Amino acid sequence: MRIFIMMLAVLLSACANSPRLDREFGNSLRLARAQQTLNPEAGRVQRPVNGLDAQAAGAAYQNYQQSFISKDDQNNGFTIGVGSKR
């Protein structure tokens, strides 16, 4: 019976103290998110965002989509001067 009580006391005392890791859990994620946020008050501001107008944005998007359809022949940078006749 004594051994059981001692084992129970040891097990309960091990759970009593929270390690430092538990207290700081998630701090690195919160810090990284805070460092990457440009304007934390952006959701509360009612003015429009500066940027492209609708026509320029549409043209840029069409250009982006067309870049996947037409494939430009690009030379490999590692073969400069290899196999060329001079």
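Tyr64 is partly exposed, with 48% of its relative area accessible. In this predicted model, Tyr64 belongs to an aromatic pair with Phe68. A search of the whole structure returned one such pair. The ring centres of Tyr64 and Phe68 lie 5.1 Å apart, and the ring planes meet at 90°. Planes over 60 degrees apart count as edge-to-face, so that is the class of the Tyr64 and Phe68 pair. Both residues sit in helix H4, which covers residues 54–69. Tyr64 and Phe68 are four residues apart in helix H4, so about one helical turn separates them. Phe68 has a relative accessibility of 58% and counts as exposed. The cut-off for exposed is over 50%, which is why Phe68 is given that label while Tyr64, at 48%, is partly exposed.

The overall fold is described by its helices. The protein chain contains four helices and zero strands. Read from the N terminus, the order of elements is α-α-α-α. Confidence varies along the protein chain. Its mean pLDDT is 79. A value of 70 or more is reached by 71% of the residues. Among the elements, helix H3 (residues 27–36) has the highest confidence, with a mean of 92. Helix H2 (residues 20–23) has the lowest, with a mean of 71.

The surface was examined next. The protein chain has 86 residues, and 0% of them count as buried. About 9,200 Å² of the protein chain is exposed. Carbon and sulfur atoms supply 58% of that area. One nonpolar surface patch measures about 590 Å². Five residues, Met1, Phe4, Ile5, Leu8 and Leu12, make up this patch. Leu8 lies in helix H1, which spans residues 2–16. The relative accessible area of Leu8 is 41%, and Leu8 is therefore partly exposed.

Charged contacts complete the picture. Side chains of opposite charge can pair when their charged atoms come close. The count of salt bridges in the structure is one. The partners are Glu41 and Arg44. Their closest N and O atoms are 2.7 Å apart. The limit for a salt bridge is 4 Å, and the Glu41 and Arg44 contact falls within it. The two partners fall into separate accessibility classes. Glu41, at 40% relative accessibility, is partly exposed. Arg44, at 63%, is exposed.

Note on methods
Residues numbered from 1 in each chain as written. Predicted model: local features only at pLDDT ≥ 70, side-chain atom pairs only at ≥ 80, totals over all residues. Heavy atoms only, no water. Phe/Tyr/Trp six-rings, centres within 6.5 Å; stacked < 30°, edge-to-face > 60°. Helix = DSSP H or I, 4+ residues; strand = E, 2+ residues; numbered from the N terminus. Buried < 20%, exposed > 50% of the residue type's maximum accessible area, 1.4 Å probe, protein only. Areas by Shrake-Rupley, 256 points an atom, 1.4 Å probe, with all protein chains shown as cover. Patch = residues over 30% accessible without salt bridge, like charges linked within 9 Å, V, L, I, M, F, W, Y side chains within 5 Å. Salt bridge = Lys/Arg side-chain N within 4 Å of Asp/Glu carboxyl O. pLDDT = per-residue confidence, 0-100.
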